[in-house]
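Got your viewer open? Here is a tour you can follow one selection at a time.

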Amino acid sequence: MGTAARIEHPTDEMSPFEAATYFFHGAADRLGLHDDMREVLATSYRELAVQVPVRMDDGRMNIYRGFRIQHNGARGPYKGGIRFHQSADLDEVRALAALMTWKNALIDVPFGGAKGGVQCEPGLLSLTEQERLTRRFTEMISYVIGVNRDIPAPDMGTNAQTMAWMMDAYGKKYGYTPGIVTGKPVELGGSPGREEATGRGVIMCTARAAARKGIDLEGASVAIQGFGNVGFWAAAIAAEHGARVVAVSDVGGGTYAPKGIGLDDLATHMTESISVNDYPGGEALSNEELLELDCDILIPAAIEGVIHTKNADAIRAKMVVEAANGPTTPAADKILEDRGVTVVPDILCNSGGVTVSYFEWVQNIQQFRWELDQVNKQLEKRMEAATDAVFSRAQSESTSLRSAAFDIAVERVAHAAEIRGYV
Ligand code: NAD
């Protein structure tokens with residue numbers, strides 16, 4: 001299912017699934033995986049495509065396309081977010097499901113990989129339309145999810161409220177089941193620290209990686225593309241570490257202040273504006289200009305494919321930390337590697353969210369709430385261990401950090417698949 005033709009020479013035009021498969025095949029070659037295992041791990045285990053009819057507020061009926069894709073479950077129940085976005089098609093969701101398998105294996109949580117999506121524009125839907133869409137989609141995929149089978153979470157276009165509706169819709173059919181989703185509101189069994197977990201994990205990983213590269217995060221200049229959940233928390237936590245956040249941006253453009261942006265002041269500005277671009281405390285700049293700023297650390301935390309062959313040569317940061325999924329095209333990745341720019345890969349550095357999702361699932365099963373301090377300590381332990389493992393592997397095998405991350409992840413999943421007798 002979903003076999004992507006093997007591509008030898010990467011380009012910017014590769015689809016998300018082709019890009020994910022490209023990195024997988026590199027690892028499979030280095031690990032010498034045999035053909036049957038390669039086929040199992042290059043394709044999805046199960047792909048469910050559903051129609052999601054939704055009654056709109058004006059009485060019309062809209063039929064959306066929804067997907068839940070389970071890539072591999074050798075290491076545990078399938079786990080991955082639900083994305084509401086116009087580009088969430090079969091190829092994109094398939095790619096994200098595979099990346100979840102590798103991410104979960106690398107950060108060493110006992111989950112396989114999955115992803116879901118509904119092709120829609122959530123910004124054009126009222127809250128009641130979003131609720132009806134979520135409930136109907138949950139009903140349609142309820143046959144393949146379960147606390148020990150597949151556990152959804154939020155992703156782009158969805159949030160804690162969406163998870164509350166999903167939990168409620170599932171519970172109506174199967175009884176009270178808080179562990180069916182993670183990323184829920186804390187009042188419904190969500191974990192303290194989940195909302196900021198991805199951004200916090202990004203900075204834990206950045207601090208560890210920077211130290212390895214001789215960059216002191218305290219005083220380092222940091223530019224962040226994307227000021228949503230991940231970008232906002234990454235900026236706030238980087239500033240807590242004493243970093244100078246010199247630029248941030250959103251879909252409307254960015255703002256630049258070489259001495260450092262006052263994040264509290266910017267947050268106040270954002271209560272009255274829809275973009276950071278018109279923040280009076282900084283100089284307006286475009287998203288393209290932000291990526292090419294002369295800074296120590298660049299954190300793309302918005303969308304995929306923003307670093308490509310046309311700008312990879314112009315990136316001046318010493319280190320690129322991929323908080324977003326897939327921000328660097330495979331072709332650009334090669335250029336950055338050849339130029340000696342350190343790229344901390346997405347499957348490592350943005351795994352803090354799924355790690356705290358794992359803690360949430362554990363708390364739901366145990367029916368015992370952890371303290372925030374315990375969540376953050378356990379998160380730090382895992383982020384640091386995974387970062388160290390990737391750096392050591394890259395050093396011992398003389399590979400990039402991305403290759404090392406994929407090698408560790410693919411090796412773990414292949415081993416689990418083999419001893420379970422999958423292949
Ligand atoms: P979000 O929707 O909260 O924020 C996205 C941000 O990106 C917003 O500021 C938006 O304005 C900006 N943006 C959108 N399109 C843009 C464009 N064309 N150019 C520049 N900026 C643009 O999403 P998020 O949850 O912060 O996720 C961001 C990225 O991190 C995604 O790639 C997501 O898959 C990844 N990620 C998120 C989590 C999580 O826990 N939220 C976990 C792992 C990975």
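What follows is a walk through two sheets, a ligand site and two spots on helices. Keep in mind as you click around that this is a predicted model.

**Stop 1: the five-stranded sheet**

Start by selecting β1, β2, β4, β3 and β5. Shown in that order, they make up an open sheet of 5 strands with mixed pairing. At the edges you'll find β1 and β5, each of which pairs on one side only. From one strand to the next, the twist averages 20°.

Now zoom in on one edge. Pick residues 46-55 for β1 and residues 61-72 for β2: these two run antiparallel and share 10 bridges. To see one pairing up close, label Val54 and look across to Asn62 in β2. The two strands form a hairpin, with 5 residues between them. Click on Gly59 while you're there: this turn residue has a positive phi of about 95°.

Step across β2 to the next strand, β4, at residues 113-119. β2 and β4 are antiparallel and are joined by 7 bridges. Select Arg65, then its bridge partner in β4, which is Gln119.

Don't clear Gln119 just yet. Which residue stands opposite Gln119 when you come from β3? Select His85 and you have it, since this is the residue that faces Gln119 in β4.

**Stop 2: strand β3**

Now highlight β3, residues 78-85. How many of its 8 residues are buried? The count is 7, so β3 is mostly covered. Its pairing with β4 is parallel and runs over 4 bridges. One pair to label here is Ile82 with its bridge partner Gly116 in β4.

Turn to the other neighbour, β5, at residues 150-154. β3 and β5 are also parallel, and 5 bridges join them. Select Gly80 together with Pro152, its bridge partner in β5.

With side chains switched on, here is a pattern to look for: in a regular strand, side chains alternate between the two faces of the sheet.

**Stop 3: the seven-stranded sheet**

Clear your selection and pick the second sheet. This one is open too, with 7 strands in the order β9-β8-β7-β6-β10-β11-β12 and mixed pairing. Why do β9 and β12 each have one side without a neighbour in the sheet? Both β9 (283-285) and β12 (342-344) stand at the edges and have a single partner strand, so one side of each is left free of a sheet neighbour. The twist averages 20° from one strand to the next.

Within this sheet, select β6 (residues 221-225) and β10 (residues 297-300). They pair in the parallel sense, with 4 bridges. For a close look, label Ala223 and find Leu298 opposite in β10.

**Stop 4: the ligand**

Show the ligand and the residues around it. There are 21 of them, and the ones that come nearest are Thr198, Phe227, Val230, Val251 and Asn325. Colour the shell by residue type and you'll get 9 nonpolar, 8 polar and 4 charged.

Next, try some distances to oxygen atoms of the ligand. From Arg83, a polar side-chain atom lies 3.0 Å from a ligand oxygen. With Gly228, the atom to pick is a polar one in the backbone, 3.2 Å from an oxygen of the ligand. Ala302 also uses its backbone: an N or O atom there lies 3.2 Å from a ligand oxygen. If you switch on surfaces, note that the protein covers 79% of the 840 Å² of accessible area the ligand has on its own.

**Stop 5: two helix residues**

Go to helix α13, residues 372-397, and select Ser396. Buried or exposed? Ser396 is exposed, with a relative accessible area of 55%. A polar atom of the Ser396 side chain sits 3.3 Å from the backbone oxygen of Arg393.

For the last click, move to helix α10 (residues 330-339) and pick Asp338. Asp338 is exposed, and its relative accessible area is 57%. Add Ser400 to the selection: although 62 residues separate it from Asp338 along the chain, the C-alpha atoms of the two are 10.0 Å apart.

Terms used: Residues numbered from 1 in each chain as written. Predicted model: local features only at pLDDT ≥ 70, side-chain atom pairs only at ≥ 80, totals over all residues. Heavy atoms only, no water. Pairing = 2+ DSSP bridges. Axes fitted to C-alpha atoms, helices over the stretch in contact; angles between N-to-C directions. Near = heavy atom within 4 Å. Polar contact = N/O pair within 3.5 Å; in protein donor to acceptor, adjacent residues only side chain to side chain. Areas by Shrake-Rupley, 256 points an atom, 1.4 Å probe, with all protein chains shown as cover. Nonpolar A, V, L, I, M, F, W, Y, C, P; charged D, E, K, R; others polar. Buried < 20%, exposed > 50% of the residue type's maximum accessible area, 1.4 Å probe, protein only.
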